[in-house]
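Open the model in your viewer and keep the sequence panel beside it. Each stop below tells you what to select and what you will find there.

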Amino acid sequence: MPKHQPIYIFYIISCLWMYGVTVFISQLSVALGQEWGWFLNKTQDISDAYHTDFTPAYWTFQIWPVIYVWLGIAFAYLLTTTCRRNSHDYLYVKPKLHSWLFFVTFIFNQGLQVGWSFLFDRQYMNIAIAFVALIAFTSYICLYDSMKNLVDNMREVTVFQKADLWLTRILVHNGFAIYATWTTIATLLNLCLVLHYNADVDMDTATLVSLIIVSVEIVVWVTLETFVLDKYVRYTVTIYPTAIVAFAGILDENWDPNKATSIYTLVLLTIACCLCVARFGLVIYRHMKVPIAVFPEGSGPLTSDEKHAYMEELKSQAIEMQAATNEGYKAEP
């Protein structure tokens, strides 16, 4: 008989609570925070005071509501797994697609975001950059945990929970991918800010440093997702659209045809657009022609009839395991 694991229910509820606190604090930082005495400034005012050539236009920051809504839906979905069951157990118990690491890291991540809001408001930029870098890094950890557990349980999820397979990919993986990409770019924005205003590096050099770093990150990521991490990240497609929004915002705010940094940003925007189109094309091709393997290694290509028979065998095994479990509970005094 399926049994709940209270600690994981606590993790999920704690994540939702911290998420709510973070959204609340973030909204206060842009409105009402000064009136309530929580903040000394509005985030936009600080951003204007520390403007750089890497700072995107204000409209690009409207991506935050998209991030918050997407993550909110993702955790609302995870909450539903505590009251939905498969033939084995509750969905959050088996297969365990998110370990304690995912939940604890996200709680820490949201705490960092709250801390960054106050540090940025008080203009402690040298500390704030460490916080935003950790926000991006902990987002990577959440993605790693979710993607690895999905692949490790791919066979069972594919056979018994096809809808949850896609819900996890769409809501969790792509939601966290937007969040991780945007906070990575925010880290480089904070770096540019600190270099120019705190370390007295000239604006062109500070901006160029951030642009070079993001260029290296793009090269590394394209290589990894195409040749190394395909089975983990194949259907994570929100990274390039997020980068496009960021680069477009930087150009919109700082375009100057006489500046090398503007030309460099334009090149990056063009590359991001091309990579986005290529990525969607590659995902479609691989989805149709190179499906992710979910059957035993070394078994060779399976026909549709063989796959059907294999799935039926797995289902029969699951039914037998459930029946044996039920008999065991009946036999208990």
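Select P95 first, in the loop between α4 and α5 (100-121). This is a predicted model. Look at the bond that leads into P95 from K94: the peptide bond is cis, with omega near 0 degrees.

**The whole chain**

Now zoom out and colour by secondary structure. You will find 13 helices and 0 strands. Follow the chain along its sequence and the pattern reads α-α-α-α-α-α-α-α-α-α-α-α-α. The chain has 333 residues, and 47% of them count as buried. Turn on contacts next. Taking those with a separation of 6 or more, 78% join residues 24 or more positions apart. Switch to a surface view. The accessible surface is about 16,600 Å², and carbon and sulfur atoms hold 67% of it.

**Two loops with positive phi**

Select L32. It sits in the loop between α1 (6-30) and α2 (33-36). Its phi is near 75 degrees, a positive value in a residue other than glycine. Is L32 buried or exposed? Neither: L32 is partly exposed, because its relative accessible area is 41%, which falls between the cut-offs of 20% and 50%.

Jump to D200, in the loop between α8 and α9. Phi is positive here too, near 60 degrees, and D200 is not a glycine. D200 is exposed, with a relative accessible area of 68%. That value is over 50%, so D200 counts as exposed.

**Helix α9, from one residue to the next**

Select residues 203-228, which form helix α9. Pick S210 within α9. Its relative accessibility is 0%, so S210 counts as buried. What does S210 touch, leaving out residues up to four places away in sequence? The partners are F54, L188, L191 and C192.

Step back to V209, also in helix α9. V209 is partly exposed, at 30% relative accessible area. Leaving out residues up to four places away in sequence, V209 touches L191 and L195. Draw a distance from V209 to L188: their C-alpha atoms are separated by 8.7 Å, with the two positions 21 residues apart along the chain.

Go on to F227, still in helix α9. F227 is exposed, with a relative accessible area of 68%. Now add L208, I212, V216, V220, L224 and V228 to the selection, and show the surface. Together with F227 they make a nonpolar surface patch of about 630 Å².

**Where α8 meets α11**

Show α8 (residues 162-198) and α11 (residues 239-254) as cartoons. Two packed helices are described by the angle between their axes and the distance between the axes. Here the angle is about 35 degrees, and the axes are 9 Å apart. The crossing of α8 past α11 is right-handed. Which residues meet at this contact? On the α8 side, select A177, I178, T181, W182 and I185. On the α11 side, select I239, T242, A243, V245 and A246.

**Salt bridges**

Show charged side chains as sticks. The model has 8 salt bridges. Begin with K259 and D53, whose closest N and O atoms are 2.8 Å apart. This pair links distant parts of the chain, 206 residues apart. K259 lies in the loop between α11 and α12 (260-289), and D53 in the loop between α3 (43-49) and α4 (63-80). K259 is partly exposed, with a relative accessible area of 28%. D53 is buried, at 14%.

Move to D230. R234 forms a salt bridge with D230, and the closest N and O atoms are 2.6 Å apart. Both R234 and D230 are buried. Then select R286. R286 also forms a salt bridge with D230, with the closest N and O atoms 3.0 Å apart. R286 lies in helix α12 and D230 in helix α10 (residues 230-233), so the pair ties together parts that are 56 residues apart in sequence. R286 is buried, as is D230.

For the last stop, select D53, D204 and K259 together. Salt bridges that share partners join these three into one network.

Technical notes:
Residues are numbered from 1 along each chain as its sequence is written. This is a predicted model: local features need pLDDT of at least 70, side-chain atom pairs count only at pLDDT 80 or more; totals for chains, interfaces and linings use all residues. Side-chain values use heavy atoms; hydrogens and water are left out. Helices (H or I, at least four residues) and strands (E, at least two) are DSSP runs, numbered from the N terminus. Buried means under 20% relative accessible area, exposed over 50%, partly exposed in between (1.4 Å probe, protein chains only). Contact means heavy atoms within 4.5 Å. Accessible areas come from the Shrake-Rupley method with a 1.4 Å probe; for residues, only the protein chains shown count as cover. Patches are made of residues with over 30% relative accessible area and no salt bridge: like charges are joined within 9 Å, nonpolar side chains (Val, Leu, Ile, Met, Phe, Trp, Tyr) within 5 Å. A salt bridge is a side-chain nitrogen of Lys or Arg within 4 Å of a carboxyl oxygen of Asp or Glu. Axes are lines fitted to C-alpha atoms, for helices over the stretch in contact, and angles run from 0 to 180 degrees between N-to-C directions. A crossing is left-handed if the near helix is turned anticlockwise from the far one by less than a right angle, and right-handed if clockwise.
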